[in-house]
Amino acid sequence: MTESMVNLAGVTKSYGPVAALAGVDLDVARGELLAVLGPSGCGKTTLLRCLAGFERVDSGVVTVAGQRLAGDRVHVPPHRRRVAVVPQDGALFPHLSVADNVGYGLDRAARRGGRVEEVLALVGLDGYGGRMPHQLSGGQQQRVAVARALAPRPPLVLLDEPFSALDAQLRAELRVDVRRALHADGATAVLVTHDQGEALSMADAVAVMHAGRIVQCGTPAEVYRNPADPWVAGFVGDAVLLPATVDADVAVTPLGRLPLRGPAAGGIATVLIRPEQLRLAPTGGSAATVVRQDFHGHDALTTLRLADGTVLTARTLDEGVALPAGAQVGVTVRGPVRAYAEPA
Ligand SMILES: Nc1ncnc2c1ncn2[C@@H]1O[C@H](COP(=O)(O)OP(=O)(O)OP(=O)(O)O)[C@@H](O)[C@H]1O
């Protein structure tokens with residue numbers, strides 16, 4: 001069994017009438033990068049602040065590396081938690097060099113032992129120690145912030161939307177490099193983000209948060225392929241949700257009889273199809289009319305209307321064939337679909 005490094009049990013935190021955390025249970029294994037993913041206002045920042053110690057929890061227990069940090073009248077203050085935070089804007093000390101920023105939390109022995117150079121190399125900034133923060137790009141500053149967080153080998157690193165100020169290409173580059181640096185150093189980390197792509201591509205595990213609760217926690221593939229409910233399905237990716245009737249291991253839908261992924265209760269249900277599961281061909285399958293096609297470079301999203309009026313979106317690789325509005329196509333579904341029983 002994997003060893004738990006971070007554990008939250010029944011954590012609540014309210015601001016007046018607003019329950020920002022409405023009973024959060026969460027486990028992060030040693031060496032794991034967990035992303036907390038959720039829409040604006042769901043409580044991500046509050047969760048992070050409770051882990052860092054900037055907020056007191058109302059109830060529940062926070063344990064990191066076997067030490068109770070919060071709960072049952074315990075509140076270990078932030079500076080005694082050894083929990084490192086990488087903020088959105090890096091927040092480097094402007095008057096200190098890169099090396100001094102990174103070495104800030106280290107004792108003299110660790111500095112002399114080459115830890116500063118080691119973590120700078122991990123984040124791809126070998127040889128940058130003598131620069132001042134203003135001589136770095138935004139992306140490099142964030143790399144330094146990650147190196148500074150890693151330097152004292154804290155039991156937990158918190159990353160608060162660390163790439164939100166960067167442009168798309170830089171963000172993609174930093175995701176890969178920061179993930180690699182965290183893993184190479186064996187760090188346990190919690191990344192807070194509202195960006196689905198960021199969570200799915202970077203994290204070992206994704207905790208999806210909604211209205212102060214963790215509604216699903218699993219690997220990126222589990223959360224994407226097998227979302228706990230239609231809301232999660234729509235939040236972690238594009239979702240085609242269709243009405244259906246479940247009959248044994250088949251869902252009867254406007255796109256015909258589709259095999260189910262996993263067991264589902266019989267009766268009225270909603271089925272989830274990912275847009276990339278839909279295949280378009282000149283003929284065959286269910287007849288549909290093209291409403292619109294949005295070109296995205298490597299792929300295209302095609303909005304379709306079925307004969308019964310159902311509207312759905314297919315994601316297709318760009319094969320150089322544009323489908324004009326009004327074109328007739330046949331739609332088939334590749335692979336099994338997930339069904340959610342309608343609440344009685
Ligand atoms: N200091 C505060 N005082 C009052 N209400 C607060 C305070 N901090 C957060 N809240 C409320 O608690 C809820 C959760 O806020 P939180 O900032 O944790 O969400 P979030 O998921 O981080 O959102 P975002 O992605 O927009 O930063 C929101 O309804 C917010 O308005």
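## Exercises on a predicted model

In this predicted model, helix α1 gives the most to the shell around the ligand, with 3 residues. Let's work through four exercises together.

**Exercise 1.** Find which residues surround the ligand, and sort the shell by class.

*Solution.*
- Step 1: Start with the residues around the ligand, which are Y15, V18, A20, G38, S40, G41, C42, G43, K44, T45, T46 and H194.
- Step 2: Next, look for elements that give two or more residues to this shell; they are β2 (18-29) and α1 (44-52).
- Step 3: Finally, sort by class: the shell has 4 nonpolar, 7 polar and 1 charged residues.

**Exercise 2.** Work out how strand β10 (residues 205-210) is joined to β3 and to β11.

*Solution.*
- Step 1: On β3 (residues 33-37), you will find 4 bridges to β10, and the two strands run parallel. Here L37 stands opposite V208 of β10.
- Step 2: Turn to β11 (residues 213-218), which is joined to β10 by 5 bridges and runs antiparallel to it. As an example, M209 has I214 in β11 as its bridge partner.
- Step 3: Now inspect the hairpin of β10 and β11: there are 2 residues between the strands, and A211 takes a positive phi near 50 degrees.
- Step 4: Check the surroundings of β10: the strand is mostly covered, with 5 of its 6 residues buried.

**Exercise 3.** Trace the order of the open sheet of 5 strands and find its edges.

*Solution.*
- Step 1: Follow the strands across the sheet, and you get β16-β20-β17-β18-β19, with antiparallel pairing.
- Step 2: The edge strands are β16 (278-281) and β19 (311-317), since each pairs on one side only.
- Step 3: Compare directions: on average, neighbouring strands of this sheet are turned by 45 degrees against each other, direction ignored.
- Step 4: Zoom in on β17 (residues 286-295) and β18 (residues 299-306), which pair over 7 bridges in the antiparallel sense. D294 has L301 in β18 as its bridge partner.

**Exercise 4.** Test the length of helix α5 (residues 138-150), and decide whether α5 is enclosed or open to the outside.

*Solution.*
- Step 1: Allow 1.5 Å a residue; the 13 residues of α5 should then span 18 Å.
- Step 2: The end C-alpha atoms of α5 are 19 Å apart, which agrees with the expected span.
- Step 3: Count the buried residues: 11 of the 13 are buried, so α5 is largely enclosed by the rest of the structure. Among them are Q140, R143, V146 and L150.
- Step 4: To see what encloses the helix, look at the partners of its buried residues: they pack against β7 (83-86), α2 (98-103), α4 (115-122), β8 (156-160) and α6 (168-184).

Technical notes
Residues are numbered from 1 along each chain as its sequence is written. This is a predicted model: local features need pLDDT of at least 70, side-chain atom pairs count only at pLDDT 80 or more; totals for chains, interfaces and linings use all residues. A residue is near a molecule or strand if its C-beta atom, placed from the backbone, lies within 6 Å of it. Ala, Val, Leu, Ile, Met, Phe, Trp, Tyr, Cys and Pro count as nonpolar, Asp, Glu, Lys and Arg as charged, and the others, Gly among them, as polar. A residue is buried if 20 or more other C-beta atoms lie within 10 Å of its own, exposed if 12 or fewer, and partly exposed in between; C-beta atoms are placed from the backbone. Two strands pair if DSSP finds at least two bridges between them. Axes are lines fitted to C-alpha atoms, for helices over the stretch in contact, and angles run from 0 to 180 degrees between N-to-C directions. The expected span of a helix is 1.5 Å times one less than its number of residues. Two residues are in contact if their C-beta atoms, placed from the backbone, lie within 7 Å.
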